[in-house]
Amino acid sequence: MLKKIIATTLIAIALMFSGCGDSEGEDRLKAQYALDQGDPQVAINLLESKDNLSEDEKILLASAYMGRAGFTMIDITVAFVEASDGADADDFNNLVNALLSKATSTAATDLSLAIDTFLTVDPRTDDTDLKLALVYVVKVAVLLDSGATDNELATTANDGFDLALVVVPDDIKQDVIDVKNEIDTDLDGNITATEIGLYTP
(Lines give C-alpha, C1' and ligand atoms only; values in the text may rest on other atoms or scores of the structure.)
Protein backbone atom coordinates (compact mmCIF):
# COMPACT_ATOMS: atom_id res chain seq x y z
CA MET A 1 0.00 0.00 0.00
CA LEU A 2 2.85 2.42 0.70
CA LYS A 3 4.71 1.79 -2.55
CA LYS A 4 3.23 4.86 -4.26
CA ILE A 5 3.97 7.03 -1.23
CA ILE A 6 7.57 5.83 -1.38
CA ALA A 7 7.76 6.85 -5.03
CA THR A 8 6.37 10.29 -4.21
CA THR A 9 8.91 10.68 -1.41
CA LEU A 10 11.72 9.85 -3.83
CA ILE A 11 10.43 12.55 -6.17
CA ALA A 12 10.50 15.01 -3.28
CA ILE A 13 14.10 14.08 -2.55
CA ALA A 14 15.04 14.63 -6.19
CA LEU A 15 13.38 18.04 -6.13
CA MET A 16 15.15 18.92 -2.90
CA PHE A 17 18.57 18.13 -4.34
CA SER A 18 17.80 19.89 -7.62
CA GLY A 19 18.08 23.26 -5.89
CA CYS A 20 21.41 22.60 -4.23
CA GLY A 21 23.51 24.06 -7.03
CA ASP A 22 22.57 27.72 -6.63
CA SER A 23 24.63 30.17 -4.58
CA GLU A 24 22.65 32.49 -2.31
CA GLY A 25 25.55 33.18 -0.02
CA GLU A 26 28.53 31.76 1.74
CA ASP A 27 26.64 30.88 4.92
CA ARG A 28 24.00 28.94 2.99
CA LEU A 29 26.67 27.00 1.11
CA LYS A 30 28.51 26.24 4.35
CA ALA A 31 25.25 25.15 5.97
CA GLN A 32 24.39 22.92 3.01
CA TYR A 33 27.85 21.36 3.13
CA ALA A 34 27.56 20.73 6.88
CA LEU A 35 24.18 19.10 6.40
CA ASP A 36 25.50 16.97 3.54
CA GLN A 37 28.36 15.87 5.81
CA GLY A 38 25.92 14.78 8.52
CA ASP A 39 26.57 17.70 10.88
CA PRO A 40 23.20 19.45 11.21
CA GLN A 41 24.26 21.40 14.31
CA VAL A 42 26.80 23.39 12.29
CA ALA A 43 24.09 24.24 9.76
CA ILE A 44 21.72 25.24 12.56
CA ASN A 45 24.34 27.48 14.17
CA LEU A 46 25.06 29.23 10.86
CA LEU A 47 21.43 29.79 9.92
CA GLU A 48 19.94 30.59 13.33
CA SER A 49 22.43 33.43 13.68
CA LYS A 50 21.07 35.20 10.58
CA ASP A 51 18.36 37.84 10.88
CA ASN A 52 16.67 37.54 7.50
CA LEU A 53 16.65 34.04 6.06
CA SER A 54 15.80 33.52 2.41
CA GLU A 55 13.10 30.98 1.62
CA ASP A 56 15.75 28.46 0.55
CA GLU A 57 17.62 29.03 3.82
CA LYS A 58 14.41 28.40 5.78
CA ILE A 59 13.99 25.07 3.99
CA LEU A 60 17.64 24.26 4.72
CA LEU A 61 17.20 25.17 8.41
CA ALA A 62 14.08 23.00 8.65
CA SER A 63 16.07 20.13 7.10
CA ALA A 64 18.84 20.73 9.63
CA TYR A 65 16.35 20.46 12.51
CA MET A 66 15.16 17.19 10.96
CA GLY A 67 18.77 16.04 10.83
CA ARG A 68 19.31 16.84 14.49
CA ALA A 69 16.15 14.85 15.24
CA GLY A 70 17.82 11.89 13.52
CA PHE A 71 16.15 12.03 10.12
CA THR A 72 16.85 12.92 6.51
CA MET A 73 14.40 12.59 3.65
CA ILE A 74 16.31 9.46 2.68
CA ASP A 75 15.83 8.02 6.19
CA ILE A 76 12.10 8.62 5.93
CA THR A 77 12.01 6.91 2.54
CA VAL A 78 13.83 3.89 3.98
CA ALA A 79 11.33 3.81 6.84
CA PHE A 80 8.47 3.67 4.34
CA VAL A 81 10.24 0.83 2.51
CA GLU A 82 10.74 -1.09 5.75
CA ALA A 83 7.10 -0.55 6.67
CA SER A 84 5.84 -1.86 3.35
CA ASP A 85 8.11 -4.91 3.63
CA GLY A 86 6.73 -5.90 7.03
CA ALA A 87 5.39 -9.37 7.68
CA ASP A 88 1.90 -8.16 8.65
CA ALA A 89 -0.57 -5.74 7.13
CA ASP A 90 -0.22 -3.07 9.82
CA ASP A 91 1.70 -0.57 7.69
CA PHE A 92 1.43 2.33 10.14
CA ASN A 93 2.71 0.23 13.04
CA ASN A 94 5.65 -0.94 10.92
CA LEU A 95 6.34 2.66 9.91
CA VAL A 96 6.32 3.82 13.53
CA ASN A 97 8.83 1.15 14.52
CA ALA A 98 11.12 1.96 11.58
CA LEU A 99 11.08 5.68 12.39
CA LEU A 100 11.63 5.24 16.12
CA SER A 101 14.85 3.36 15.42
CA LYS A 102 16.28 6.63 14.01
CA ALA A 103 14.96 9.17 16.52
CA THR A 104 17.34 11.08 18.81
CA SER A 105 16.52 12.06 22.39
CA THR A 106 15.59 15.58 21.21
CA ALA A 107 13.54 14.41 18.23
CA ALA A 108 10.14 15.68 19.38
CA THR A 109 11.46 19.21 19.99
CA ASP A 110 13.53 19.30 16.80
CA LEU A 111 10.66 18.03 14.66
CA SER A 112 8.45 20.78 16.08
CA LEU A 113 11.13 23.31 15.12
CA ALA A 114 11.29 21.81 11.62
CA ILE A 115 7.51 22.08 11.25
CA ASP A 116 7.45 25.66 12.52
CA THR A 117 10.25 26.62 10.11
CA PHE A 118 8.62 24.95 7.10
CA LEU A 119 5.41 26.85 7.91
CA THR A 120 7.28 30.19 7.55
CA VAL A 121 8.30 29.44 3.95
CA ASP A 122 6.39 31.76 1.62
CA PRO A 123 5.29 30.79 -0.88
CA ARG A 124 5.21 27.11 -0.03
CA THR A 125 5.34 24.77 -2.98
CA ASP A 126 3.82 21.30 -3.24
CA ASP A 127 7.36 19.99 -2.75
CA THR A 128 7.77 21.94 0.49
CA ASP A 129 4.32 20.88 1.68
CA LEU A 130 5.12 17.23 0.94
CA LYS A 131 8.25 17.48 3.10
CA LEU A 132 6.18 19.20 5.79
CA ALA A 133 3.56 16.44 5.69
CA LEU A 134 6.26 13.79 6.05
CA VAL A 135 7.74 15.61 9.07
CA TYR A 136 4.27 15.60 10.66
CA VAL A 137 4.06 11.82 10.16
CA VAL A 138 7.51 11.35 11.69
CA LYS A 139 6.50 13.55 14.64
CA VAL A 140 3.42 11.39 15.24
CA ALA A 141 5.63 8.31 15.36
CA VAL A 142 7.99 9.97 17.84
CA LEU A 143 5.18 11.32 20.02
CA LEU A 144 3.56 7.89 20.24
CA ASP A 145 6.68 6.78 22.11
CA SER A 146 7.17 9.95 24.17
CA GLY A 147 4.23 10.04 26.56
CA ALA A 148 2.64 12.98 24.74
CA THR A 149 -1.02 13.63 25.45
CA ASP A 150 -3.64 12.01 23.24
CA ASN A 151 -4.89 15.50 22.28
CA GLU A 152 -1.44 16.58 21.05
CA LEU A 153 -1.07 13.36 19.09
CA ALA A 154 -4.49 13.70 17.52
CA THR A 155 -3.84 17.31 16.47
CA THR A 156 -0.44 16.45 14.98
CA ALA A 157 -1.79 13.41 13.17
CA ASN A 158 -4.74 15.30 11.68
CA ASP A 159 -2.52 18.20 10.57
CA GLY A 160 -0.07 15.84 8.89
CA PHE A 161 -2.55 13.57 7.16
CA ASP A 162 -4.78 16.49 6.08
CA LEU A 163 -1.80 18.26 4.52
CA ALA A 164 -0.65 15.04 2.85
CA LEU A 165 -4.09 14.61 1.29
CA VAL A 166 -3.81 18.08 -0.23
CA VAL A 167 -0.33 17.70 -1.73
CA VAL A 168 -0.03 14.06 -2.79
CA PRO A 169 -1.03 13.03 -6.32
CA ASP A 170 -4.63 11.88 -6.73
CA ASP A 171 -3.62 8.30 -7.47
CA ILE A 172 -2.15 7.80 -3.98
CA LYS A 173 -4.67 9.73 -1.90
CA GLN A 174 -6.58 6.55 -1.10
CA ASP A 175 -3.34 4.97 0.16
CA VAL A 176 -2.86 7.89 2.55
CA ILE A 177 -6.48 7.56 3.70
CA ASP A 178 -5.98 3.82 4.28
CA VAL A 179 -2.96 4.49 6.50
CA LYS A 180 -4.87 7.20 8.40
CA ASN A 181 -7.80 4.83 8.89
CA GLU A 182 -5.64 2.45 10.90
CA ILE A 183 -6.05 5.06 13.67
CA ASP A 184 -9.32 6.70 12.58
CA THR A 185 -11.37 3.62 13.36
CA ASP A 186 -14.80 5.26 12.97
CA LEU A 187 -13.72 6.36 9.46
CA ASP A 188 -15.07 9.90 9.75
CA GLY A 189 -11.86 11.55 8.50
CA ASN A 190 -10.91 12.96 11.90
CA ILE A 191 -8.56 11.27 14.36
CA THR A 192 -9.79 11.89 17.91
CA ALA A 193 -7.91 11.76 21.19
CA THR A 194 -10.03 8.72 22.10
CA GLU A 195 -8.95 6.89 18.95
CA ILE A 196 -5.33 7.77 19.69
CA GLY A 197 -5.76 6.36 23.18
CA LEU A 198 -7.10 3.10 21.79
CA TYR A 199 -4.36 2.77 19.18
CA THR A 200 -1.51 0.50 20.25
CA PRO A 201 1.60 0.71 18.03
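In the predicted model, leucine 187 lies in the loop that joins α10 (173-180) to α11 (193-198). Although leucine 187 is not a glycine, its phi is positive, at about 60°. A second backbone feature is found at proline 123, in the loop between α7 (107-119) and α8. The peptide bond that leads from aspartate 122 into proline 123 is cis, and its omega is near 0°.

Packed helix pairs are considered next. Two packed helices are described by the angle between their axes and the distance between the axes. For α9 and α10, the axes come within 9 Å and cross at roughly 165°. Because of this angle, α9 is roughly antiparallel to α10. The crossing of α9 and α10 is left-handed. On the α9 side the contact consists of Asn158, Phe161, Asp162, Ala164, Leu165 and Val166, and these meet Lys173, Val176, Ile177, Val179 and Lys180 of α10. Sorted by class, the contact of α9 with α10 holds 7 nonpolar, 1 polar and 3 charged residues.

Helix α9 also packs against α8. The axes of α8 and α9 cross at roughly 155° and come within 8 Å. The angle is over 145°, so α8 counts as roughly antiparallel to α9. This crossing of α8 and α9 is likewise left-handed. From α8, the residues in contact are Asp126, Asp129, Leu130, Leu132, Ala133, Tyr136, Lys139, Val140, Leu143 and Leu144. Helix α9 contributes Glu152, Leu153, Thr156, Ala157, Asp159, Gly160, Leu163, Ala164 and Val167 to the contact with α8. The class composition of the contact between α8 and α9 is 12 nonpolar, 2 polar and 5 charged residues. Ala164 of α9 appears both in the contact with α8 and in the contact with α10.

A further helix pair is formed by α3 (residues 40-48) and α4 (residues 55-69), with axes that come within 8 Å and cross at roughly 145°. The crossing of α3 and α4 is left-handed. Pro40, Gln41, Ala43, Ile44, Leu47 and Glu48 of α3 are in contact with Glu57, Leu60, Leu61, Ala64, Tyr65, Gly67 and Arg68 of α4. In this contact of α3 with α4, 8 residues are nonpolar, 2 are polar and 3 are charged.

Internal voids were also examined. Rolling a probe the size of a water molecule over the atoms shows where empty space is left. The structure contains 2 cavities of 30 Å³ or more. The volume of the second largest cavity is about 30 Å³. Phe92, Tyr136, Val137, Val140, Ala157, Gly160 and Phe161 line the second largest cavity. At least two residues of this lining come from each of α8 (126-144) and α9 (150-167). The lining of the second largest cavity comprises 6 nonpolar residues, 1 polar residue and no charged residues.

The lining of the second largest cavity and the contact between α8 and α9 have residues in common. Tyr136, Val140, Ala157 and Gly160 are among the lining residues, and Tyr136 and Val140 of α8 also take part in the contact with Ala157 and Gly160 among the residues of α9. Phe161 is another lining residue of the second largest cavity, and Phe161 also belongs to the α9 side of the contact with α10.

Notes:
Residues are numbered from 1 along each chain as its sequence is written. This is a predicted model: local features need pLDDT of at least 70, side-chain atom pairs count only at pLDDT 80 or more; totals for chains, interfaces and linings use all residues. Side-chain values use heavy atoms; hydrogens and water are left out. On a 1 Å grid over the protein atoms alone, a cavity is a set of points where a 1.4 Å probe fits but cannot get out, and a pocket is an open set with protein on both sides within 12 Å along at least five of seven lines; lining residues have an atom within 4 Å of a point. Grid points are joined across faces, edges and corners, and a volume is the space filled by probe spheres set on the points. Helices (H or I, at least four residues) and strands (E, at least two) are DSSP runs, numbered from the N terminus. Ala, Val, Leu, Ile, Met, Phe, Trp, Tyr, Cys and Pro count as nonpolar, Asp, Glu, Lys and Arg as charged, and the others, Gly among them, as polar. Axes are lines fitted to C-alpha atoms, for helices over the stretch in contact, and angles run from 0 to 180 degrees between N-to-C directions. Angles under 35 degrees count as roughly parallel, over 145 as roughly antiparallel, 65 to 115 as roughly perpendicular and the rest as oblique. A crossing is left-handed if the near helix is turned anticlockwise from the far one by less than a right angle, and right-handed if clockwise. Contact means heavy atoms within 4.5 Å.
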